[in-house]
Number of protein chains: 2
Amino acid sequence: MGRPKAARGQGRDRVVAAAIELFSERGVSGTSLQMIADRLGIGKAAVYYQFKTKEGIIEAVLAPAFEQMRSIIADGEGSDSPQEVAIVGLSGLVIAQREVVAALSQDPEVRRFLETHNEASELLLQLGAMLLGPEPAPRRRVAVSLFGGGLASVGIDPALADIDDEALRSELISLGQLLLTA
Amino acid sequence: MGRPKAARGQGRDRVVAAAIELFSERGVSGTSLQMIADRLGIGKAAVYYQFKTKEGIIEAVLAPAFEQMRSIIADGEGSDSPQEVAIVGLSGLVIAQREVVAALSQDPEVRRFLETHNEASELLLQLGAMLLGPEPAPRRRVAVSLFGGGLASVGIDPALADIDDEALRSELISLGQLLLTA
DNA sequence: GTCTATAGCCGGATAGAC
DNA sequence: GTCTATCCGGCTATAGAC
């Protein structure tokens, strides 16, 4: 019992925070456990104490974003406009987790990770379906792909760093509606 | 003299073609020279005969895309609507070089490459300026980022594989105009 | 919880035979 | 132009001291 409960998990959280920074700067493949350890000022083996494998770190980095996606999907199921829910929800997700979303959707290593984790790919498919709606025409399908890919890159675009979160969020929602109701 | 001229450069071209495939599947950091050699059925040292460094391969992969960007910029300079030229030109670029464009704009290793090659970053800045126009409002700036990032991901989206090039190109142009004139 | 040390593998890159 | 062999360094991961 030595230590207060509040301290538990801090080590893990610090590793995850450093990993997010590095993943978005250098990509997952370009980030070594040594780099994560160096950024925290600890040794490589100390990182292994928190996570037994690099894949475990990837999992922990992605977890909160997937949690938020689950909640968007749940919201959409009770709604009469799932598309609207998805546009608003995903715009909020990008704002809330800029770096994570970038790593999430743009990194090839993460794509490979998803291929071996069907529950996660399933979430992405469901969100895609919400945006597409029933029997989408080619134009809508292109628009969904454009919006999805664009969202991720907006999250990390340094050229937009001066725009505050609320303004960015409302622009994204409005541009999403423009694209997907065209 | 032994060999017909047509054969010259074939070795290099084969390496570049294999590299493009692998870069878009696994990212630049996730692709080793051994993988490139294996895909061609040759040894690693044979790849080094064509390119002295991995960076040389990256350069050769990106070169045609940058060439096309230069030509878009040149077209825009004589036009009274550079924004239109950029939308049409970039949509065509995505179609012409789907995999290259993906690696180009989404890979962290390529971003690092660009930081050390100012001529290339300069081209991207000029294209960005063409899309933005003079004194862009925040909404336009977000739209440009969304369009740029979205374009790249449309190029590699397997869900759009059944849409033929000409249809995709015209949808992209039309969606680009919608976004950027809003 | 963090360290040093080490195992074992794979990375980029080079030399030299064929 | 392709090969084998090799160098050296960095990688993930583990073992064991503190």
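These exercises walk you through a predicted model of two protein chains with two DNA strands.

Residues are numbered from 1 along each chain as its sequence is written, and chains are lettered from A in the order in which they are written. Local features need pLDDT of at least 70, side-chain atom pairs count only at pLDDT 80 or more, totals for chains, interfaces and linings use all residues, and side-chain values use heavy atoms, without hydrogens and water.

**Exercise 1. Work out which rotation superposes chain A on chain B.**

Step 1. Superpose the copies by least squares on the C-alpha atoms of residues with pLDDT of at least 70 in both. A rotation of 180° with 0.0 Å of shift along its axis does it, with an RMSD of 0.1 Å.

Step 2. Name the relation: this is that of a two-fold axis.

Step 3. Find the axis in chain A: Gly150(A) has the C-alpha nearest to it, 1.9 Å away.

Step 4. Compare the contact residues (contact means heavy atoms within 4.5 Å). The same surface serves both copies, as 100% of the contact residues of chain A recur in chain B.

**Exercise 2. Find what Leu172(A) touches, leaving aside its neighbours within four places in sequence.**

Step 1. Within its own chain, Leu172(A) is in contact with Ser91(A), Val94(A), Ile95(A), Phe147(A), Leu151(A) and Val154(A).

Step 2. Now look across to chain B, where Leu172(A) meets Val142(B) and Leu146(B).

**Exercise 3. Describe the surface near DNA strand D.**

Step 1. Gather the residues that are near the strand (one heavy atom within 4 Å of it). There are 16, and Lys44(A), Tyr48(A), Ile42(B), Gly43(B) and Tyr49(B) come nearest.

Step 2. Look at the DNA side: of the strand D atoms within 4 Å of the protein, 64% belong to sugar or phosphate and the rest to bases.

Step 3. Pick out polar contacts (pairs of N or O atoms within 3.5 Å). Phosphate oxygens of strand D lie 3.2 Å from a side-chain N or O atom of Ser32(A) and 3.0 Å from a polar backbone atom of Leu33(A). The side chain of Lys44(A) instead has an N or O atom 3.3 Å from a base oxygen.

**Exercise 4. Which phosphate contacts does chain B make with DNA strand C?**

Step 1. Start with Ser32(B), whose polar side-chain atom is 3.4 Å from a phosphate oxygen.

Step 2. Move to Leu33(B), where a backbone N or O atom lies 2.8 Å from a phosphate oxygen.

Step 3. Finish with Tyr48(B): a polar side-chain atom is 3.1 Å from a phosphate oxygen of strand C.

Technical notes. Polar contact = N/O pair within 3.5 Å; in protein donor to acceptor, adjacent residues only side chain to side chain. Nonpolar A, V, L, I, M, F, W, Y, C, P; charged D, E, K, R; others polar.
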